[in-house]
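Me: I'd like to go through this model and check what the labels rest on. Could you give me the value and the cut-off each time?

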Amino acid sequence: MKLPRMSMKSTRKVAGVSLSLVLATGMLAACSKEGGSSNKADTVIRIGVLYGDSDNESYLRQQYTDTYEMMNKNVTFEFQHAINYDDQRFDQAEPGKKPERPDTYEKMKELLSGSNPVDVIIYDYNMLRRLTQDNLLKPLDSLIQQDKFDISDYVPTVIDGIKAAGDNSLYALTPVFTSSALFYNKKMFTERGVEPPTDDMTWDDVFNKARQVASGEDLDRKFGFNFTRWINDPAGDAMSYANALQLRVFDNKAENMMVNNDQWANVWNSVISLHKDNIIPDQEFIQKYYEKNSEEGSYDPFYGDLFLKGKLGMVIGESYYINDLRKANDNSSKIKDFEMVDWDVVTLPTDPNTPGQGGNIQLGQLMSINAGAQNPDGAWDFIKFINGKDWAKMKSRSLYEMTARKEFIQPIGGFQYNIDAFTKLRPFQPNAEMNENLYIDKPGIWEAEGLRYELFQKAFAGEMDVKAALLEWETKGNAALQKTGDSGGEIGIDPMPRPLMLE
C-alpha cells in the first residue's frame, strides 16, 4: 500500500478518516470476541507497508493498530516500510547520472522474506496476484473455516475481486473499499422525456442518452455527460475512456505499442464527436461561465461542479461524492437561487466484451499474512479484528470509504438512492506480468506516452485522420520504446514510479 504518499484519488479516499480511541465499553467487549484476549503472553506483530518515512508511523498506528493494542495489552506492533521516502527525497544523483530507483515489488518481497520478515502486509490490489503467484502469502480459507470467521455478508465484488487475483482462493481481506458509479439528474431526463439510466448499460448506451438530454445554447447549455466531476480537456477524456476499457498503450515489456487498432480509434472518435457536438462540457464553457459570474459578483460554493448546478445529465463520481451532495443539500437554503439536484446512481457503463466488470473499485487496504510470518497466529488474530463486524460498524461512519461488509452499507445524508450501484460490478483483475519499474528501466516510455497528446490534438483539430494519428503514434512510439540509457523523459523528477495505465 502506498502510504502516505498517495495519488489524489487515494488521498481523497482516506482524507478525514481517523480512528476514535475512545470507544464505548460495549464496543470494546464485542470487539474482543473477534480480536483476542489480553490473557496471552507478550507478543510482537510486525506490519509491513510499501512506502513510509519517519513521520508517518503515528498515522499508521491511528489508522490500524491503536484500538487493538488498547484491547490487547500484551501486544506490541512494529511497522516496517519497504521504501523510505526520506531516501527518495534526499538521495540525489550526481549531475548527469540517472538516480537509482527501487524496484517496488522486489522491495516488498524483501519485507516478506528477509532476515526479520514482517507478519502482516498492507498493500494495494495491483500487487496481489504477483504475491500469490510467488507463494509469498498465506492462504486464509482454512483459517476462516477453522475459526468460523463469518464473511458471508462481505460485498461480493470485494471477495470476488480478491479471489480472482488468487486463483479462486482468499489470500487477503480488506475492511473498506471505494467505488464509483454513474450519477444522473432525474429532472433533466424527465424534462426531455428520456428514459433514465439503468444498471448494466454499455458505454454506447450512456453516450446515446447523453445526446438525448443535452439541450440549450451558450451559457444556458445543459450537457449530457462528463467522465469526471471536473472539467478535463478532450485528450484527458479520451484517456479516461481508454482506461475504463482497459486498453493498453504498450505490451507488458514495453517493447511494442498497442494503439493502432479499432478499439483505440473508436475511443478517439467517440470523444471527439461528444466534444464537437457539445455533449461534454469543455474549458471554454467554464471560463465564460465564471467570467459571467465574476461580472455579476456571484459566489460559487461548488467550484465548477456542473452536476450540482443542474447543468449536467450524467457524471461519473466516487462513492464519497455523496458527501458533497449532502453538504449542498444541508446548506441549500443559504445559497442564492440554488435548487438541489434530484439525483440517483446506477452502475458505471461496461464494455460488452467484459460484462459485469468495471466500477473503478479500489481495494487499497488489503491485508495478508506473510507465508513466512514469525507470528502467524497474532497476524491472523489482528486481521480478524480489523475485518470483523464491530470494526465494520465503526468504519461505516466514514464519509470517504465504504465498509466491505454489506450489512453496514447504508445510504447517507438522508438520501434514498441505488446504493447497490457501488457494489455490483467486479474489479478488473490486475496484470501480474506488468512490471511497475518499466518507467524507470525503459525511459523511452515517457516519450512514447507523451506523443499521445500532440497527435490527439491534431486529430481533434481535423489536421489528421484518427487512424493516421494512431499509426503515427505507433510508429514513433515503437522507436521511442527502443531507447535505452538516460535518454527519454525527465527520470527522477517524481521519486515514485508513475502509475500504470491499467490501474
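Me: How do you know how much surface the protein exposes, and what supplies it?

Reply: The protein exposes about 22,700 Å², with 46% of that from carbon and sulfur atoms. Accessible areas are from the Shrake-Rupley method with a 1.4 Å probe, and for residues only the protein chains shown count as cover. Keep in mind that this is a predicted model: local features need pLDDT of at least 70, side-chain atom pairs count only at pLDDT 80 or more, and totals for chains, interfaces and linings use all residues. Residues are numbered from 1 along each chain as its sequence is written, and side-chain values use heavy atoms, with hydrogens and water left out.

Me: What makes a residue count as buried, and what share of the protein does?

Reply: Buried means under 20% relative accessible area, exposed means over 50%, and partly exposed is in between (1.4 Å probe, protein chains only). Of the 503 residues, 53% count as buried.

Me: Why is Thr350 called buried or exposed, and where is it?

Reply: Thr350 has a relative accessible area of 8%, so it is buried. Its place is the loop between β8 and β9. Leaving aside residues up to four places away in sequence, Thr350 touches Met201, Thr202, Trp203, Gly356, Gln357 and Leu425. Contact here means heavy atoms within 4.5 Å.

Me: What makes something a helix or a strand here, and how many are there?

Reply: They are DSSP runs numbered from the N terminus: helices are H or I with at least four residues, strands are E with at least two. That gives 19 helices and 10 strands in the protein.

Me: Why is Asp277 called buried, exposed or partly exposed?

Reply: Its relative accessible area is 39%, so Asp277 is partly exposed. You'll find Asp277 in the loop between α12 (262–276) and α13. Not counting residues up to four places away in sequence, Asp277 touches Arg211 and Arg221. Asp277 and Ala214 are 63 residues apart in sequence, and their C-alpha atoms are 9.7 Å apart.

Me: How do you know which strands pair in the open sheet?

Reply: Two strands pair if DSSP finds at least two bridges between them. Strands β1 (residues 43–52) and β3 (residues 120–123) have 3 bridges and run parallel. One of the pairs puts Gly48 with its bridge partner Ile121 in β3. The open sheet has 4 strands in the order β2-β1-β3-β9, with mixed pairing.

Me: What makes β2 and β9 the edge strands?

Reply: β2 (75–84) and β9 (366–369) each pair on one side only. From one strand to the next, the twist averages 25°. Helix α3 (residues 57–71) packs on this sheet, touching β1, β2, β3 and β9, and its direction makes about 155° with that of β2. For those angles, axes are lines fitted to C-alpha atoms (for helices, over the stretch in contact), and values run from 0 to 180 degrees between N-to-C directions.

Me: What makes β7 mostly covered, and which strands join it?

Reply: 7 of the 7 residues of β7 are buried. β5 and β7 share 5 bridges and run antiparallel; Ala181 has Gly317 as its bridge partner in β7. β6 (residues 223–226) and β7 share 3 bridges and run parallel, with Phe223 opposite Leu312 in β7.

Me: Which residues of α14 are buried, and what do they pack against?

Reply: In α14 (residues 321–330), Tyr321, Ile322, Asn323, Leu325 and Ala328 are buried. The buried residues of this helix pack against β5 (180–185), β7 and β8 (343–346).

Me: What makes Lys148 and Asp167 exposed?

Reply: Lys148 has 75% relative accessible area, so it is exposed. Lys148 is in the loop between α7 (141–146) and α8 (156–164), and has a positive phi of about 50° despite not being a glycine. Asp167 is at 58%, so it counts as exposed too. Asp167 is in the loop between α8 and β4 (176–177), and its phi, near 55°, is also positive in a residue other than glycine.

Me: And why is Tyr303 called exposed?

Reply: Tyr303 is at 60% relative accessibility, so it counts as exposed. It lies in the loop between α13 (283–296) and β7 (312–318).
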